[in-house]
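Work through the following exercises with the sequence and coordinates open. Each task is followed by a stepwise solution.

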Amino acid sequence: QVQLVESGGGLVQPGGSLRLSCTASTFIANMYAVRWYRQAPGKEREFVARIFSAGGSTVYADSLKGRFTISRDNAKNTVYLQMNSLKPEDTAVYYCNAQKGTPLRNYWGQGTQVTVSS
């Protein structure tokens, strides 16, 4: 069983930055991949970014490239999402997802609220 805890959300003005953290109860180096998703009110959950444990390659949603950066700290079992130049449309609950095991199983955190508003 893997527990994921997100933190770092909050209220920020447009143009501001936030760094979200996803801390796992086990070694993230042993996971297949960790992803960030988000869900805005009344909308479906959407993919934000992914980092593979092997090699650390990253992928981003096309609309977020250049503003969001996913990274990891294996020593802290934590994956980060640095969000810059935030816009009101980035307002959502951000969720961390990890895949581990054979066959792969999905694990989810409880989410952290990000609100971008003046």
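A disulfide is a pair of cysteine sulfur atoms within 2.5 Å. The model is predicted: local features need pLDDT of at least 70, side-chain atom pairs count only at pLDDT 80 or more, and totals for chains, interfaces and linings use all residues. Residues are numbered from 1 along each chain as its sequence is written, and side-chain values use heavy atoms, leaving out hydrogens and water.

**Exercise 1.** Find the disulfide content of the whole structure and give the handedness.

Solution. Step 1: the search returns one disulfide. Step 2: Cys22 and Cys96 form it, with sulfur atoms 1.9 Å apart. Step 3: the S-S torsion of Cys22 and Cys96 is about -75°, so the disulfide is left-handed. Step 4: both Cys22 and Cys96 are buried (under 20% relative accessible area, 1.4 Å probe, protein chains only).

**Exercise 2.** Determine which salt bridge partner, if any, Arg50 has.

Solution. Step 1: a salt bridge needs a side-chain nitrogen of Lys or Arg within 4 Å of a carboxyl oxygen of Asp or Glu. Step 2: the nearest side chain of opposite charge, Asp62, is 12 Å away, and Arg50 has no salt bridge although buried. Step 3: beyond neighbours within four places in sequence, contacts of Arg50 (heavy atoms within 4.5 Å) include Arg35, Thr58 and Ile70.

**Exercise 3.** Locate the rings under the charged ends of Arg19 and Arg45.

Solution. Step 1: the criterion is CZ of Arg, or NZ of Lys, within 6 Å of the ring centre and within 35 degrees of the ring normal. Step 2: Arg19 sits over Tyr80, 4.1 Å from the ring centre. Step 3: Arg45 sits over Tyr95, at 3.8 Å.

Key
Buried < 20%, exposed > 50% of the residue type's maximum accessible area, 1.4 Å probe, protein only. Lys, Arg positive; Asp, Glu negative; His and termini not counted.
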